[in-house]
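The exercises below are meant to be worked with the sequence and the model side by side. Try each task before reading its solution.

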Amino acid sequence: MISLQPIQTLKIPEFRNLMTGRFFLILSFRMLATLLGWWVYQLTKDPFAIGLIGLAEVIPAVSTALYAGHVIDNSEKKRLLLICNYCYVFLIALLAIPAFFGHQLLHFSNLQISYFIYAVIFFTGFCRAFIGPIIPSMIPKIVSRETLPNAITLNQATFLTASVSGHALGGFLIHWIAISGTILVIVGLMIFSSIFFWLLKKHPSENTDKSMGVVKSMREGLAYIYKTKEILGALFLDMFAVLFGGAVAMIPVFATDILKVGSEGFGLLNAASDIGSMCVITLLAFIPLRKNQGKILLAVVAGFGLCIIGFGLSQLYWLSFLLLVASGMLDGVSVVIRGTIVQLKTPDHIRGRVLSVNSIFIMSSNEMGQFESGVAAKLLGVVRSVVFGGTMTVLIALLVGTTNPKLRKMNY
């Protein structure tokens, strides 16, 4: 049965402003990720160097995330969101220095430029720890509980639409206006996104016990996740499945050395999985899953792993593209189910801390997955590392399915 609730949810002005701001912010983030992967590989010609981008960001992000959750639960969220937004603007603007003047005026070597990039991305990791959980923590205060599952789906659809556009646009802009011009566009989009965040209402803290110490506050968030097995299982599945299935990190290598399709083909390959995710999440917004969400989650994660194996073995551009699209469709279903489980099972006063832990799992799976892909490619070779990662993803889905009956039987 088709639901018209997404249209009604988008009629809420504050939700619409939040999603519009998020769209342009994620668009800039995905363009940046595309740019950095391409830029660093062109500087070093080393797949391991791509993995170091993820490691540079994830170390500060993960180490700060629990404290960030405590701050979010005890702060006015609009102000915190804007501070993080403008910190990102400043840091990414620094990348324009080596892009415009690195070789000519500053006489940087390729290695020195790559070190400069890693240093900037390291400091963005601190911003990432805060900005990741803030927007999801605001959604339940903007929409009713009845429309929350739909709002979560629209939030993910916004994220993935921006991801598709950002990955593809990033690749095309690198081809059209080079790395330096692309950085200026990224900074401009980050500033533009903040305009919509200024239009939001203030979102004060929901935490009634602000006297609680930082350590006790962080421990409370961890304890809640540990005792809520559905959340724990979903987060565990996300972290380890995507950690090993992060073939997207090696797309610059596949595009350059294996499929030989250049920067334009690289942009499309980079966007392929997000195209699949965007299509299926848009479909789920109007035709939501009604039952057996736990079993569906386990099945789509295993299917995702199989697609990654196929991508690693493919020598044909069109087949590689289709396998990445299919992997994105399966991942899109899992994103909706995981996001809904976490939001529906979390009370307001602890939401920032739970979502911060959730962000640790997401960052660990994505950025650490990028690092793991770089290390595996160094040790096994690019193709074997991707096949290994897909195989591990399938095994993780089987392991979680057999050891977490609450997640397996989950219905919402």
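A residue is called buried when its relative accessible area is under 20%, exposed when that area is over 50%, and partly exposed in between. The model is a predicted one, and every value used below is computed from it.

**Exercise 1. Decide whether aspartate 73 is buried or exposed, and say where it lies.**

Solution. Begin with the position: aspartate 73 belongs to helix α3. Next take its relative accessibility, which is 2%, and set this against the cut-off of under 20%, so that aspartate 73 counts as buried. Finally, look across the chain to serine 356, which is 283 residues apart from aspartate 73 in sequence, while the C-alpha atoms of the two are separated by 10 Å.

**Exercise 2. Carry out the same classification for serine 373.**

Solution. Serine 373 is part of helix α14, which covers residues 351–380. With a relative accessible area of 6%, serine 373 is buried. For a reference point elsewhere in the sequence, use alanine 255, which is 118 residues apart from serine 373 along the chain and whose C-alpha atom is separated from that of serine 373 by 16 Å.

**Exercise 3. Locate lysine 45 and lysine 260, which have positive phi values without being glycines, and classify their accessibility.**

Solution. For lysine 45, phi is about 55 degrees, and the residue sits in the loop between α2 (13–44) and α3 (47–73). Its relative accessibility of 48% makes lysine 45 partly exposed. For lysine 260, phi is near 55 degrees, and the residue is placed in the loop between α10 (251–258) and α11 (262–286). Here the relative accessible area is 63%, and lysine 260 is therefore exposed.

**Exercise 4. Describe how α2 and α3, the helices on either side of the loop that holds lysine 45, pack against each other.**

Solution. Two packed helices are described by the angle between their axes and the distance between the axes. The axes of α2 and α3 come within 8 Å and cross at roughly 140 degrees. That angle makes α2 oblique to α3, and the crossing is right-handed. The contact is made by Leu36, Gly37, Val40, Tyr41 and Thr44 of α2 together with Pro47, Ala49, Ile50 and Ile53 of α3.

**Exercise 5. Describe the packing of α12 with α13, and then that of α4 with α6.**

Solution. Helix α12 (residues 293–313) and helix α13 (residues 317–344) have axes that come within 8 Å and cross at roughly 155 degrees. Since angles over 145 degrees count as roughly antiparallel, α12 is roughly antiparallel to α13. Helix α12 passes α13 in a left-handed crossing, and the residues of α12 that meet α13 include Val300, Phe304 and Cys307, while those on the α13 side include Leu323, Ser327 and Leu330.

For helix α4 (residues 77–94) and helix α6 (residues 110–142), the axes come within 9 Å and cross at roughly 160 degrees. These two helices are therefore roughly antiparallel as well, and α4 passes α6 in a left-handed crossing. Among the residues that make this contact are Cys84, Cys87 and Tyr88 of α4 and Phe116, Val120 and Cys127 of α6.

**Exercise 6. Explain why cysteine 127 and cysteine 307 do not form disulfides with their closest cysteines.**

Solution. A disulfide is a covalent bond between the sulfur atoms of two cysteines. The cut-off used for such a pair is a sulfur separation within 2.5 Å. In cysteine 127 the sulfur is 4.6 Å from the closest cysteine sulfur, that of cysteine 87, which is too far for a bond. In cysteine 307 the sulfur is 15 Å from the closest one, in cysteine 279, and this too is too far for a bond. Both residues are buried, cysteine 127 at 8% relative accessibility and cysteine 307 at 11%. A search of the whole structure finds zero disulfides.

**Exercise 7. Name the residues that touch the most other members of the largest nonpolar core, and trace the contacts of leucine 95.**

Solution. The largest nonpolar core has 119 residues, of which Leu18, Trp39, Leu95 and Ile117 touch the most other members. Helix α7 (residues 148–198) supplies the largest share of this core, 18 residues. Leaving aside residues up to four places away in sequence, leucine 95 touches Leu32, Leu36, Trp39, Phe116, Ile117, Val120 and Ile183.

Methods:
Residues numbered from 1 in each chain as written. Predicted model: local features only at pLDDT ≥ 70, side-chain atom pairs only at ≥ 80, totals over all residues. Heavy atoms only, no water. Core = buried A, V, L, I, M, F, W, Y, C linked by side-chain atoms within 4.5 Å. Buried < 20%, exposed > 50% of the residue type's maximum accessible area, 1.4 Å probe, protein only. Helix = DSSP H or I, 4+ residues; strand = E, 2+ residues; numbered from the N terminus. Contact = heavy atoms within 4.5 Å. Axes fitted to C-alpha atoms, helices over the stretch in contact; angles between N-to-C directions. Parallel < 35°, antiparallel > 145°, perpendicular 65-115°, else oblique. Left-handed = near helix turned anticlockwise from the far one by under 90°.
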